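Student: Please give me a close look at one helix and the parts around it. State the cut-off behind each term as you go.

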Amino acid sequence: MNRRPIILDGDPGHDDAIAWMLAKACPELEILAVTSVCGNQTVEKVSYNARRVCTLLGIDAPIAKGKRSPLVGPEMNAPSVHGESGLDGPPLPEPVMELDELSSVNLMAKILRESDRKVTIVATGPLTNVAALLLSHPELKERIEEISFMGGGIAYGNWTPAAEFNILVDPEAAKIVTGSGIPLIMSGLDVTEKALMMPEDFERVRAVGGQVAQIVADWLEFFYGFHKTLGYEGAPMHDPCAVAVLVHPELFQLKELCVEVETQGEYCRGTTVGHDRKPANARVNLGVDRSAFADLLIEAVKTYKEDSHE
Ligand code: BDR
Ligand code: CA
């Protein structure tokens, strides 16, 4: 099979970690590199988490530390959602690999330059690293097949009434990415808040058995713990949507829209405005077959069964 080469860029993060679990399990995808970015927690914490998650999942790709602050605004973290470590909950294995000596931007640039095929970037945190890459290496734009990112929402926000966390943290970066002309798939709150793993799904994950299944079930429970207090019926799988849409687009409803990012505004900084008054720049993910999506995640967990280090 001709596997699609990808770079995983994120801020793990429970849903980032589950997205990476899915990516590693998909035979259609080949992970060339992993890059961290400040978001859910400081870049030190999420880089450590990236190494722990890659160790757990057996992701054998270089991991580079990313940007420690957004391009313009102040750093923002989400300990209320992901805990003080950025990935609170079950104990995780200590990392077996070091961080790459290159920065995230330089590692991405090297991968893009050296790959014999165009590479897709799956971005599940603030878009700081990706925007920095485009600013410093504009000549590499054409080496990027597509950017599938989790962020924004046409209808609403989660961190403010108008803005979703990843975009709010670095709206200037999001503006650079949406204005880049690179093919984009935006999986925002419109779809990710429908992509729920329900408490009964957590038990299906746990029933798979093995270390990865136990840890993913614990992550889901931890993540749901926060969302339950807000009235959610399950754990929203924001970041896994950005991976799943690449391999199973038939599970999603995609609409071509022009997406623009508000970088000013007293109330709407970080808002993603989607419309058709200008040519489309993104395929915007608006809906999902929830139960098929849950099955996909559970099937992905099963692929780790034999590899689990019990
Ligand atoms: C996004 O914010 C983070 O907390 C999650 O990891 C996800 O990427 C959802 O708004
Ligand atoms: Ca994330």
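Tutor: L135 sits in helix α5, where helices (H or I, at least four residues) and strands (E, at least two) are DSSP runs numbered from the N terminus. The model is predicted, so local features need pLDDT of at least 70 and side-chain atom pairs pLDDT 80 or more, while totals for chains, interfaces and linings use all residues. Residues are numbered from 1 along each chain as its sequence is written, chains are lettered from A and ligands numbered from 1 in written order, and side-chain values use heavy atoms, without hydrogens or water.

L135 counts as exposed because its relative accessibility is 55%; exposed means over 50%, buried under 20%, and partly exposed in between (1.4 Å probe, protein chains only). With L71 and V72, L135 makes a nonpolar surface patch of about 280 Å². Such patches take residues with over 30% relative accessible area and no salt bridge, joining nonpolar side chains (Val, Leu, Ile, Met, Phe, Trp, Tyr) within 5 Å and like charges within 9 Å. The areas are Shrake-Rupley values with a 1.4 Å probe, and for residues only the protein chains shown count as cover.

Helix α5 (128–136) is also among the elements covering the buried residues of α4, with contact meaning heavy atoms within 4.5 Å. The cover further includes β1 (4–10), β2 (29–36), β3 (63–64), β4 (119–123) and β5 (144–150). Helix α4 spans residues 104–114, and S104, V105, L107, M108, A109, I111 and L112 are buried in it.

Two charged residues of α4 pair with each other: E114 and K110 form a salt bridge at 3.7 Å, N to O. The criterion is a side-chain nitrogen of Lys or Arg within 4 Å of a carboxyl oxygen of Asp or Glu. E114 and K110 are 4 residues apart, about one turn of the helix. An α-helix has 3.6 residues a turn, so residues three or four places apart point the same way. E114 is exposed at 58% relative accessible area, whereas K110 is partly exposed at 35%.

The loop between α3 (79–82) and α4 holds E84, which bridges to K45 with the closest N and O atoms 3.8 Å apart. K45 belongs to helix α2 (residues 43–57), 39 residues from E84 in sequence, and the pair links distant parts of the chain. E84 is exposed, with a relative accessible area of 51%, and K45 is partly exposed at 30%. Over the whole structure, a search finds 18 salt bridges.
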